[in-house]
Amino acid sequence: MARKAREDTLSDDFTQGSIAGKLVKFMIPVLGALILQAMYGAVDLIVVGQFGTNAGISGVATGSNVINLVTFVITSLTMGVTVLISRYLGERSVERVGKVIGGAICFFIALAAALMVLLLAFAPQFASWLNAPEEAYDLTVTYIRICGAGIAFVVAYNVISGIFRGLGNSRLPLIFVLIACIVNVIGDLVFVAGLQMDVAGAALATILAQAVSVVMSLMIIRRQKLPFTVTRRDIGFNSEIGTFLKLGVPLALQECLTNISFLILCAIINNMGLEASSGYGIAQKVVSFIMLIPSSLMQSMSAFVAQNVGAGKEKRARRAMVTGMAIGVTIGAFIFALSFFKGDVPSALFTSNPVFIEKSAEYLRGFSPEAVLTCVVFSYIGYFNGHSKPIPVMAQGITAAFLVRVPLSYLFSLKPGASLVDIGMAVPIASVYGIIFFTVCYAFTTRKMKRDGTL
């Protein structure tokens, strides 16, 4: 990877020009990559729903919750790498980027090995903790173990993508995930529809797709003119690991605990039977697409703000946050209307079972305000991430999950005649709390910056 550093190639300058224009330009490829990445689980569920078994739908839905948890933690850790690279670019300290990447290589290799052992050894426990329906228990274990065996490829993809987002380049990650998505679709059709491997085929297709994507991405990178140099001396457990982990670990902890709260929610719903479990699993696939707008907004905002903070342009960073909120809420309003009034339409893409479709639409009606509210929450998260201030993000995520979302979900499930509409409402209520929390933190930060003369 070592080569002459060039600053005019793959990195974009966010410190000048139109905020909305540059933010949207960067965000669109990020969104495209997330859409394609979400299609992994979606295609798995669609193909299993059409060519597999009813229990297979629950197995993929429940097992993918565990794999998604691991993936989100990895993504959060790589966010530390992304923000650090963006900050160094803003400071014009390009020589430090190589050391960041060299440290990240060693750290994430060790992490991938640990995660593989964890998923292979404890797959039955994960299935039990999630109250996987009896008919789907073995299938859930199979899905987790096969994905766990190939988790190194998931880690590698996210590290590579995080590096390039830090450089202000969101186009290459889009190419990487496009390759993976094509391979995954082909794999699902061959293994599930053709060879009738059901859940095992879906998991195998997912990991094969990630493997091909990583190999192809490394081949593409070798042909690029990179704006940094990585030498053999940079690759090792160096001081930059601690620097990006100071940001990444709190974010990963927050993401882990937040997703655990959704696993608890999954367990609560699984107790309601196979129909509710499968309906919720289908709804979660729809939700994974709904959340792509705020997720892409957050990732883009983190890199955008970090680069401007590094360049000493705090007011521009704040304007970017407000601009991001406006963009997200505008798009979110359309998604809210679709989810609330026509939730059965996207649900029908995953199964032809009318009961499963009805249950999925129920959950989406309760969940639908989240399409708007979470855009505000995630814009705040991107702003604080860009400032390397993960503690407010972590505190909000944990308290929203365990003081609001989980208790309300449980209480709503105890209501006589409780439906998935009731349980779905717990999610947007938690986001209302998150907006209030971050608004208070933002006001406090503003006063402090004014006192310090940095605003």
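Here are some short exercises on this predicted model, each followed by a worked solution.

Before you start, note that residues are numbered from 1 along each chain as its sequence is written, and that side-chain values use heavy atoms, leaving out hydrogens and water. In this predicted model, local features need pLDDT of at least 70 and side-chain atom pairs count only at pLDDT 80 or more, while totals for chains, interfaces and linings use all residues.

**Exercise 1. The overall build**

Task: Find how many helices and strands the chain has, and work out how its radius of gyration compares with the globule rule.

Solution:
- Step 1. Take helices as DSSP runs of H or I with at least four residues, and strands as runs of E with at least two, numbered from the N terminus. The chain then has 17 helices and zero strands.
- Step 2. The radius of gyration, taken over C-alpha atoms, is set against a rule of 2.2 Å times the number of residues to the power 0.38. The chain comes to 21 Å, close to the 23 Å that the rule gives for 455 residues, so it is as compact as a globular protein of that length.
- Step 3. Along the principal axes, the C-alpha atoms fill a box of roughly 55 × 45 × 35 Å.

**Exercise 2. Inside the core**

Task: Say how many residues the largest nonpolar core has, and which helix gives the most to this core.

Solution:
- Step 1. Call a residue buried under 20% relative accessible area, exposed over 50%, and partly exposed in between (1.4 Å probe, protein chains only). Of the 455 residues, 59% count as buried.
- Step 2. A nonpolar core is a set of buried Ala, Val, Leu, Ile, Met, Phe, Trp, Tyr and Cys residues joined through side-chain atoms within 4.5 Å. The largest one has 126 residues, and Ile-85, Phe-108, Phe-244 and Tyr-363 have the most contacts inside it.
- Step 3. Helix H2 (residues 54-90) gives the most to this core, with 16 residues.
- Step 4. Now look around Ile-85, counting heavy atoms within 4.5 Å as a contact. Leaving aside neighbours within four places in sequence, Ile-85 touches Val-97, Val-100, Ile-101, Ile-163, Gly-166 and Leu-167.

**Exercise 3. Two packed helices**

Task: Describe how H8 and H9 pack, and sort the residues of their contact by class.

Solution:
- Step 1. Fit the axes as lines to C-alpha atoms over the stretch in contact, with angles from 0 to 180 degrees between N-to-C directions. Helix H8 (residues 239-270) and helix H9 (residues 274-290) pack at about 145 degrees, their axes 8 Å apart.
- Step 2. From H8, Phe-262, Leu-265, Cys-266, Ile-269 and Asn-270 meet Ala-276, Ser-277 and Tyr-280 in H9.
- Step 3. Ala, Val, Leu, Ile, Met, Phe, Trp, Tyr, Cys and Pro count as nonpolar, Asp, Glu, Lys and Arg as charged, and the others, Gly among them, as polar. The contact of H8 with H9 therefore has six nonpolar, two polar and no charged residues.

**Exercise 4. Salt bridges**

Task: Count the salt bridges and decide whether Arg-318 is buried or exposed.

Solution:
- Step 1. Look for a side-chain nitrogen of Lys or Arg within 4 Å of a carboxyl oxygen of Asp or Glu. The count is two salt bridges.
- Step 2. One joins Arg-318 to Glu-314, with the closest N and O atoms 3.0 Å apart. Both residues lie in helix H11 (residues 314-341), four residues apart, about one turn of the helix.
- Step 3. Arg-318 is buried at 9% relative accessible area, and Glu-314 is buried at 10%.
- Step 4. Asp-422 and Lys-415 also meet in a salt bridge (3.5 Å, N to O). Here Asp-422 is buried at 15%, whereas Lys-415 is partly exposed at 38%.
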